[in-house]
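Please work through the exercises below with the sequence and the structure open beside you, and try each task before reading its solution.

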Amino acid sequence: MNDHAGTVAHQLIAAHLIDGDMVAGEEIALRIDQTLTQDATGTLVMLELEAMQLDRVQTELSAQYVDHNLLQEDFRNPDDHRFLKSACNRFGVWYSRAGNGVSHPTHMQRFGKPGKTLLGSDSHSCAAGSLGMLAIGAGGLEVAMAMAGEPFYLTMPEIWGIELTGELPDWVSAKDIILELLRRHGVDGGIGRILEYHGPGLNQLSAMDRHVIANMGAELGATTSVFPADEQVERFLRSEQRGDDFTPLVAKPDANYDRTDCIDLATLVPLIARPSSPGDVVPVSEVAGEPIQQAYIGSSANPGYRDFAIAAEIVRDGRVHDDVSFDINPTSRSLLETLMRDGYIAPLIHAGGRLHQAGCNGCIGMGQAPASESNSLRTTPRNFPGRSGTQDDRVWLCSPETAAASALAGTITDPRSLDRQAPRIPEPDDPIINAHNLIAPLPESIARSTDLDKGPNIQSLPDLAPLDDELRLPVGLCVGDDVSTDEIMPAGARVLPYRSNIPRIAEFVYEAVDPDYVSRAKKLGDHIIVGGRNYGQGSSREHAALAPRHLGLRLVIARSFARIHWQNLVNFGVLPLTFEDPGDADKLKAGDIVVLTALHAQLREGGPVSATLVGDDHRLGLRHQLSHRQIDVLITGGLIPWQRQQHPH
């Protein structure tokens, strides 16, 4: 533990450690200062607080944002907004109204504080690491537990020190830094690790530049990303009129890291992730000339002032290509007002840009879907198949520079080929601050008498049965490597309005991978899913665990799991196991029957779990990484019944 005490990550963990030792691989428990929920996940969180019979949140600050489900095609989304407002009133939570902004940059502007912990029911909550926070994305149920004052449990990660040296060349920006890490290490390179950035190259990266990098650490599978709270962070907080919230937090001179990497910023070139993985990264020059139909600026992955301003300068006095939809998605109302004041919105609109309301929008498939079989360049964090709302989409991830240059040309364009000087745009020291649409919690005396306002689409959580000691289960589905939670539980305007109705949203599980899965699962009842490497990568959306559980999923056997989805499975009573021999994954097929006996004892003994395959008596050697607490949670049926057992009323 003492060998690494000087890192920023270890200082943050040590200051919030409630239980356990800071040894990589050991379970630890942390005190959580702040929580973040958004409407795609927050509805379940509030229903979970109701199920736990909570009186009032116990955190220093909890905030609920309405930023994902902004389309109001029928009553479902506005009903959920109204429900969330009533739940914030009831439980003592800040409420950010629809159109106020994307949760991550808005929270950074108004509430983020160096030295604090934040747990968010969105995988990109790690973006707050840009301020020197320990900010972790988790399933909504874990966030609900933190709001109730319970510690957050996780496996102590390794600390991966990433040294930044040199200076970024013209036309290269923060997005290219994180794309370079994805190019080197892929979508599972950060699993079990915290990415901690240090070195002289940080000096030229603003707090919002760091947000870009920290946000997409989620695409590497990292537990979180951490930056020091230094002069750039102080400047940001002072510009937001929150200078008193600054506390310096930097690595000590003798800090050691479990793993190291170095990026010479001067060597970077504009990069782009090809369809349909954030890890399939190549230089823009390698794919230049590909025709495009859409260029998209915004999202939590490029939320800063300069990300929009530089796009405005690139298209100023120009004209977007006839075949291109140029979509502009401001990330907060304050940012939009500041860009308007400084003259950066007019050039975007004049060139042909389509201005949308401040929110996540097309990033989560809520509108702005691209045309079929056409290339869409986006500054969003993810390009999983179908996430945009178009089933056969071809989404590329890139910087605002590349997106804007390509919008003019109608083809993928290396911005270095533009015949002009690269704009240099600093973050303003005097942004417009608009907090009118942030509604403060009610006093506790009034909150206690507030009722939850539930529309007809909002259903209380279903009860989940305990895990039996003997399982005889059919395999319901076999899938390959890097299956994302977007493939398990689709997002988008057609599906997400049912986020507060588990029986209804369960009808969409795995529809893009196997349209017959839902009907087959209903016939099978309790069953198994077999997966490959990095099963459940991507979103923290716990519907991807709870909806299959509603259909009878009791066991997932995979070569390996993504961190958040693995924990979500445990939280809802689904047992996650891995193969001792990864080749055994290829021996299982849909319809096979797997038998596990004396399961509770096998789990508690901590060693391999033995299972047999009916028909050929083949033994399956399986393993788990569950703590004793998690085993108890699973056997009880999930985190909510376990919590009730621990704290009976």
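The exercises that follow deal with strands, helices and aromatic side chains.

The model is predicted, so to speak of local features a pLDDT of at least 70 is needed, side-chain atom pairs count only at pLDDT 80 or more, and totals for chains, interfaces and linings use all residues. Residues are numbered from 1 along each chain as its sequence is written, and side-chain values use heavy atoms, with hydrogens and water left out.

**Exercise 1.** Determine the strand order of the open sheet of 4 strands, and find which strands stand at its edges.

Solution. Begin with the elements themselves, which are DSSP runs numbered from the N terminus (helices are H or I with at least four residues, strands are E with at least two). Two strands are taken to pair if DSSP finds at least two bridges between them. On this basis the order is 11-10-9-12, with parallel pairing. Strand 11 (224–226) and strand 12 (259–264) each have a single partner strand, so one side of each is left without a neighbour in the sheet. From one strand to the next, the twist averages 20°. As a check on one pairing, strand 10 (residues 193–198) is joined to strand 11 by 3 bridges, and Ile194 stands opposite Thr224 in strand 11.

**Exercise 2.** Establish how strand 16 (residues 325–329) is covered, and trace its connection to strand 15.

Solution. Take burial as the starting point, where buried means under 20% relative accessible area, exposed over 50% and partly exposed in between, with a 1.4 Å probe and protein chains only. In strand 16, 5 of the 5 residues are buried, so the strand is largely enclosed by the rest of the structure. In a regular strand the side chains alternate between the two faces of the sheet. Here Ser325, Asp327 and Asn329 lie on one side, with Phe326 and Ile328 on the other, and all are buried. Next come the partners: strand 15 (residues 294–298) runs parallel to strand 16 and is joined to it by 5 bridges, with Tyr296 having Asp327 as its bridge partner. The chain crosses from strand 15 through helix 10 (residues 305–315) to strand 16 in a right-handed β-α-β crossover, a term which applies if, with the strands pointing away from the viewer, the path from the first strand over the helix to the second runs clockwise. Strand 17 (residues 353–355) is also parallel to strand 16, through 3 bridges, and there Leu355 is the bridge partner of Ile328.

**Exercise 3.** Which residues of helix 19 are buried, and what follows the helix?

Solution. Of the 9 residues of helix 19 (residues 563–571), 8 are buried, so the helix is largely enclosed by the rest of the structure. The buried residues are Ile564, His565, Trp566, Gln567, Asn568, Leu569, Val570 and Asn571. Helix 19 is followed by Gly573, which has a positive phi near 75°.

**Exercise 4.** Describe the aromatic pair of Tyr510 and Tyr517, and then look for charges over rings.

Solution. Rings of Phe, Tyr and Trp (its six-membered ring) pair if their centres lie within 6.5 Å, and planes under 30 degrees apart count as stacked, over 60 as edge-to-face and the rest as tilted. The count comes to 6 aromatic pairs. Tyr510 and Tyr517 form an edge-to-face pair, with 5.7 Å centre to centre and 75° between the planes. Tyr510 counts as buried at 0% relative accessibility, and Tyr517 is buried with a relative accessible area of 1%. For the charges, NZ of Lys or CZ of Arg must be within 6 Å of the ring centre and within 35 degrees of the ring normal. Arg193 lies over the face of Trp160 at 5.6 Å from the ring centre, and Arg629 lies over the face of Tyr153 at 3.7 Å from the ring centre.

Notes:
Axes fitted to C-alpha atoms, helices over the stretch in contact; angles between N-to-C directions.
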